[in-house]
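Here is a briefing on helix packing. Look at the model first, then read on.

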Amino acid sequence: MSFPWRSYLATELRWAGLLFLLSACQEPSPSTEKPLLRPSSQRPFFSAESAYTHIQTQLSFGMRIPGTLSHKAAGDWLVSTFRRYGAQVYEQVGMYRGTPIRNIIASFGPTEGRRVLLSAHWDSRPYADRDARQPEAPVPGANDGASGVAILLEVARLLGQQPPSYPIDVILWDAEDLGREGVEDSYCLGSQYWLESPYPYPPQAYAWGINLDMVGAKGATFLQEGYSRQYAPLLTEAVWQLARQLGYQRFFLPLAGDPIVDDPFYLSLRGKIPMLNIIHRDPSGKGFFPEWHTTEDDLDVIDRATLQAVGETLIAFLYAANPQNFSPV
Ligand SMILES: [Zn+2]
């Protein structure tokens, strides 16, 4: 009996050639891609477990609706947690268009130099108007609100332990989610208030910024949001590249998303701060996460893998991108 070596080899080579062609079609060649930034090996480890616990704690206070006692208790806890992590904490309290506002600002790093802004909204929505059964009930806001705050709290813990070489302000916006669909400027009251009377630093102090919104859902996908591409194209591309280098391309899809009116839209447009908004958008580009603005936006929606992907990418970016040598436009 003889083994048909020649025909076996020919088949193997044909397969290898086909596979090479397929892979050449799907993946950009590493040698032709010039990374805008490389992740630093000196970055601290982001713990999704810690971020997950921060979502639980926020939900344990109840709904974070401006003007309520549970909102005040959650805000007090956020302030004391930032202080415990070594931040210089500022609070901006006031009234804006009839709504009580409490923006919480935690500063890390040196006081001098171009600043970087990291933000999320800490309030939760009072009405689940996307809920077929209980449209008047409040939204727990595990993903819509608490997830972004939780990741920034874990980032704050790491910034306290390993201070950045440039100033970073974490700003938690209040009253982002009180808006009514179709009513202009009814969302994002906290950031609009801050833009009218900035505190403690003016918008011009910031080189660039990153906002997180709905960043904890299972199977989350992030598209390159429209205003981010318009106002901070290089920043958007650099973060997406870094996420890909870290192996998180299944979350950070290389697709153009539509523009979303959210806190970073006002910061970019009125404050002239180039902002990237990392916000959940389904791959069709038509919707957010399935439980958005329903009573089901609770802890069951959250997946540690998503928190890890976003948190680790953000930490890698912060320790690689010094605003003195990285310009986002
Ligand atoms: Zn919302």
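Trp77, Leu78, Thr81 and Phe82 of α3 meet Val149, Leu153 and Ala156 of α4, where contact means heavy atoms within 4.5 Å. This is a predicted model: local features need pLDDT of at least 70, side-chain atom pairs count only at pLDDT 80 or more, and totals for chains, interfaces and linings use all residues. Residues are numbered from 1 along each chain as its sequence is written, and side-chain values use heavy atoms, with hydrogens and water left out. Helices (H or I, at least four residues) and strands (E, at least two) are DSSP runs, numbered from the N terminus.

**α3 with α4**
- By class, this contact has 6 nonpolar, 1 polar and no charged residues. Ala, Val, Leu, Ile, Met, Phe, Trp, Tyr, Cys and Pro count as nonpolar, Asp, Glu, Lys and Arg as charged, and the others, Gly among them, as polar.
- α3 and α4 pack at an angle of about 25°, with axes 10 Å apart. Axes are lines fitted to C-alpha atoms, for helices over the stretch in contact, and angles run from 0 to 180 degrees between N-to-C directions.
- The two helices, α3 and α4, are therefore roughly parallel (under 35 degrees; over 145 is roughly antiparallel, 65 to 115 roughly perpendicular, the rest oblique).
- Their crossing, α3 with α4, is left-handed: the near helix is turned anticlockwise from the far one by less than a right angle, while clockwise would be right-handed.

**α3 itself**
- Helix α3 covers residues 69-84, 16 in number. Its first and last C-alpha lie 23 Å apart, close to the expected 22 Å (1.5 Å times one less than the number of residues).
- Its buried residues are His71, Ala74, Gly75, Trp77, Leu78, Val79, Thr81 and Phe82 (buried is under 20% relative accessible area, exposed over 50%, partly exposed in between, with a 1.4 Å probe and protein chains only).
- These buried residues of α3 pack against α2 (48-60), β1 (88-96), β2 (99-108), α4 (142-161) and β4 (168-173).
- Gly86, just after α3, has a positive phi of about 90°.

**α2 with α4**
- α2 and α4 pack at about 130°, with axes 8 Å apart. That makes α2 oblique to α4.
- α2 passes α4 in a right-handed crossing. Contact residues include Ser50, His54 and Ile55 of α2 and Ala146, Glu154 and Arg157 of α4.
- By class, the α2 contact with α4 has 9 nonpolar, 4 polar and 2 charged residues.

**α7 with α9**
- Helix α7 (residues 233-245) and helix α9 (residues 304-318) cross at roughly 115°, and their axes come within 9 Å.
- The crossing of α7 and α9 is right-handed.
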